[in-house]
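Trainee: I'm new to this structure and would love a close look at a single part of it. Could you pick one and walk me through its surroundings step by step?

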Amino acid sequence: MKLHLLLSICAALTLCTITHGETAIDNNLMQRMDEVGPKGTVSTLVYLVDYVDVKSLSDSITQANMRFADRHQLVVESLQATALSTQGSILASLRSQQGVTKITPFWISNVIRVDARPDVINKLANRSDVLHIYLNYSIELVTPVRMGPVEHSDNRGGVEPGIT
């Protein structure tokens, strides 16, 4: 009972809303939207206004002397509850719009990946529940400089070359 009460109190206290005047679209995203044109698709990360203040939640957990497993459960459930309660309307809106090719909601940071046309992204930027929209950069793998067998060294375990 104590845990559920603490969970309810912490979740209510840690849900934060940032007030802002205008949602900013990242400059790199704006540039990418110009490059692809009105019919192209851009991959974005949409950060929502509501989020869990993990620092405050952590402080309250520390004061309550919670066990690690209970702490983990509380943090995960708080993050999931925030995403569940705040992402529903934006997800429904995105699913009904043309020009959206991919939607992936994330709960760990209350972010939604949206691959869509620039007009859809601009509409998202005008929503009151959207804080900021960033370009979702593609991940580039680094190829090894050289491949092959490892060279054998005569001084393994000995003095480093160049040191006298």
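**A close look at strand E3**

Mentor: Happy to! Let's begin with the chain as a whole: it has 164 residues, and 30% of them count as buried. Please keep in mind that this is a predicted model. The chain holds five helices and seven strands, and from the N terminus on, its elements follow the order α-β-β-α-β-β-α-α-β-β-α-β. Among the contacts in the chain with a separation of 6 or more, 72% are between residues 24 or more positions apart. The accessible surface comes to about 11400 Å², and carbon and sulfur atoms account for 56% of that.

The part I'd like to show you is strand E3, residues 42-48. Five of its seven residues are buried, so E3 is largely enclosed by the rest of the structure.

Let's look at its partner strands. E3 pairs with E6 in the antiparallel sense, over six bridges. To find this pairing on your screen, look for Thr44, which stands opposite Val114 in E6. E3 is also joined to E7: five bridges connect these two strands, and they too run antiparallel. Here the place to look is Leu48, which stands opposite Val130 in E7.

Now for the rings. A search of the whole structure finds one aromatic pair. Its members are Tyr47 and Tyr134: the ring centres are 5.4 Å apart and the planes stand at 85°, so the pair is edge-to-face, a label for angles over 60 degrees. Tyr47 belongs to E3 and Tyr134 to strand E7 (residues 130-135), so to speak of distant parts of the chain is fair: the two are 87 residues apart. Both rings sit on residues that are partly exposed, with a relative accessible area of 28% for Tyr47 and 35% for Tyr134.

Next, follow E3 to a loop residue. Asn110 is found in the loop between strand E5 (100-106) and strand E6 (111-116). Asn110 is buried, with a relative accessible area of 3%. Setting aside its neighbours within four places in sequence, Asn110 is in contact with Val46, Tyr47 and Leu48, and its other contacts include Asp50, Tyr51, Thr82 and Gln87. Thr86 is another of these contacts, and the side chains of Asn110 and Thr86 are joined by a polar contact of 3.0 Å.

What does E3 share with the helices? The largest nonpolar core has 20 residues, and Val46 is one of those that touch the most other members, alongside Leu29, Ile90, Leu94, Val114, Ile121 and Ile133. E3 supplies at least two residues of this core, and so does each of helix H2 (27-36), helix H4 (68-95), E6, helix H5 (118-125) and E7. H5 gives the most, with four residues. Ile121 leads us back to our strand: not counting residues up to four places away in sequence, Ile121 touches Val42 and Thr44, together with Ile25, Leu29, Met33, Ala116 and Ile133. There is also a second, separate core of six residues, among them Val52, Leu57, Met66 and Leu79.

To put the picture together: E3 is largely enclosed, pairs with E6 and E7, carries Tyr47 of the aromatic pair, and helps to supply the largest nonpolar core.

Notes. Residues are numbered from 1 along each chain as its sequence is written. This is a predicted model: local features need pLDDT of at least 70, side-chain atom pairs count only at pLDDT 80 or more; totals for chains, interfaces and linings use all residues. Side-chain values use heavy atoms; hydrogens and water are left out. Rings of Phe, Tyr and Trp (its six-membered ring) pair if their centres lie within 6.5 Å; planes under 30 degrees apart count as stacked, over 60 as edge-to-face and the rest as tilted. Buried means under 20% relative accessible area, exposed over 50%, partly exposed in between (1.4 Å probe, protein chains only). A polar contact is a pair of N or O atoms within 3.5 Å; within protein, one must be able to donate a hydrogen and the other to accept it, and residues adjacent in sequence count only if both atoms are side-chain atoms. Contact means heavy atoms within 4.5 Å. A nonpolar core is a set of buried Ala, Val, Leu, Ile, Met, Phe, Trp, Tyr and Cys residues joined through side-chain atoms within 4.5 Å. Two strands pair if DSSP finds at least two bridges between them. Accessible areas come from the Shrake-Rupley method with a 1.4 Å probe; for residues, only the protein chains shown count as cover.
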